[in-house]
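Colleague: I have some labels to challenge. Show me the model, and then defend each one.

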Amino acid sequence: MMGLELYLDLFSQPCRAVYLFAKKNDIPFEFKHVELFKGEGDTEGFSVATAVKKVPVLRDEAFVLAECTAILLYLSRKYCTPDHWYPSDLQGRAKVDEYLSWHQANLRANAPKAMWIKVLIPLFTGQPLPSEKLQEVMEGLAASVKQLEETFLQDKPFLVGSEISLADLMAIVELMQPVGVGCDVFEGRPRLAAWRSRVEEAIGKELFLQAHELILNIEALSSVQIDPRLKEQLAPVLLKMLK
């Protein structure tokens, strides 16, 4: 009988969130490694799991689910994970929901751009890095990080209280993306840096580093053979980002 399968590429922030959550909570699953830059989102095996051809994807026997937040909530409910991840208390849960709603249009929208500008656009298009574009991206990220600190973290140990939650998990994987390309958003922000240390400790430092090994060794990506079809599809889109 087929058990739980998670289709993941740990280069992706949402995939790292799902991976960390499942591992931390001892949820048994088969790790289906998908390398999107090699075009594996178009393989038959991956297409069986999802029509959207993106990761993360969960398959639980015949049931298939995409989208990171939906997967995290499904896992938390099915496996009755500790309450602090997604509180049963109405107001505590509402605060996690509030962050997850804010996250998509703010941190999720801004944090990945540094990697696109510094690494992925040059890799896919062969075009040099425009310094003014990077500055614009970093200003947008700084505004989101400032709001994260002032609106959500404030003086609390974690984003919604005294224990780690799905909000912290989603935020930390996103903020590690610019760190991987040398844009350390924690530098000069002692409150945020202390929060990062608490999150790493709560997850487990060894597990945290394992999940982020690829992103923290991003130079290895330059040796990856990019699927030519993917280059052809993405290059025009990425070049628009430079304008």
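**The cores**

Modeller: This is a predicted model. Its largest nonpolar core has 59 residues, and Tyr99 and Trp195 have the most contacts inside this core. Helix α8 gives the most to this core, with 10 residues. Apart from this core lies another, of 14 residues, with Ala114, Ile117, Phe124 and Val137 among them.

Colleague: What makes a set of residues a nonpolar core?

Modeller: Its members must be buried residues of the nonpolar kinds, joined through side-chain atoms within 4.5 Å. Tyr99 and Trp195 belong to such a set.

Colleague: Which residues is Trp195 in contact with, leaving aside neighbours within four places in sequence?

Modeller: Leu153, Pro157, Phe158, Leu159, Asp168, Ala171, Ile172, Leu175 and Phe186. Contact here means heavy atoms within 4.5 Å.

**Helix α8**

Colleague: Why is α8 called largely enclosed?

Modeller: Buried means under 20% relative accessible area. In α8, 14 of the 14 residues are buried, so the rest of the structure largely encloses this helix. For the protein, buried residues make up 49% of the 243 residues.

Colleague: How do you know what span to expect for α8?

Modeller: The expected span is 1.5 Å times one less than the number of residues. Helix α8, residues 166-179, has 14 residues, so 20 Å is expected. From first C-alpha to last, α8 reaches 21 Å, close to that value.

Colleague: What makes the approach of Ser165 to Ala167 a polar contact?

Modeller: A side-chain oxygen of Ser165 comes to within 3.1 Å of the backbone nitrogen of Ala167, at the start of α8. The cut-off for a pair of N or O atoms is 3.5 Å.

**Strand β1**

Colleague: What makes both faces of β1 count as covered?

Modeller: On one side, Leu4, Leu6 and Leu8 are buried. On the other, Glu5 and Tyr7 are buried as well. That fits five buried residues of five in β1, residues 4-8.

Colleague: How do you know that β1 pairs with β2 and with β3?

Modeller: Pairing needs at least two bridges. Strands β1 and β3 have four, in the antiparallel sense, with Glu5 opposite Arg59. Four bridges also join β1 to β2, and these strands run parallel. There, Leu8 stands opposite His33.

Colleague: Why is the crossover from β1 to β2 called right-handed?

Modeller: The chain goes from β1 through helix α1, residues 13-24, to β2. With the strands pointing away from the viewer, a right-handed path runs clockwise, so that is the sense of this β-α-β crossover.

Note on methods
Residues are numbered from 1 along each chain as its sequence is written. This is a predicted model: local features need pLDDT of at least 70, side-chain atom pairs count only at pLDDT 80 or more; totals for chains, interfaces and linings use all residues. Side-chain values use heavy atoms; hydrogens and water are left out. Helices (H or I, at least four residues) and strands (E, at least two) are DSSP runs, numbered from the N terminus. Buried means under 20% relative accessible area, exposed over 50%, partly exposed in between (1.4 Å probe, protein chains only). A polar contact is a pair of N or O atoms within 3.5 Å; within protein, one must be able to donate a hydrogen and the other to accept it, and residues adjacent in sequence count only if both atoms are side-chain atoms.
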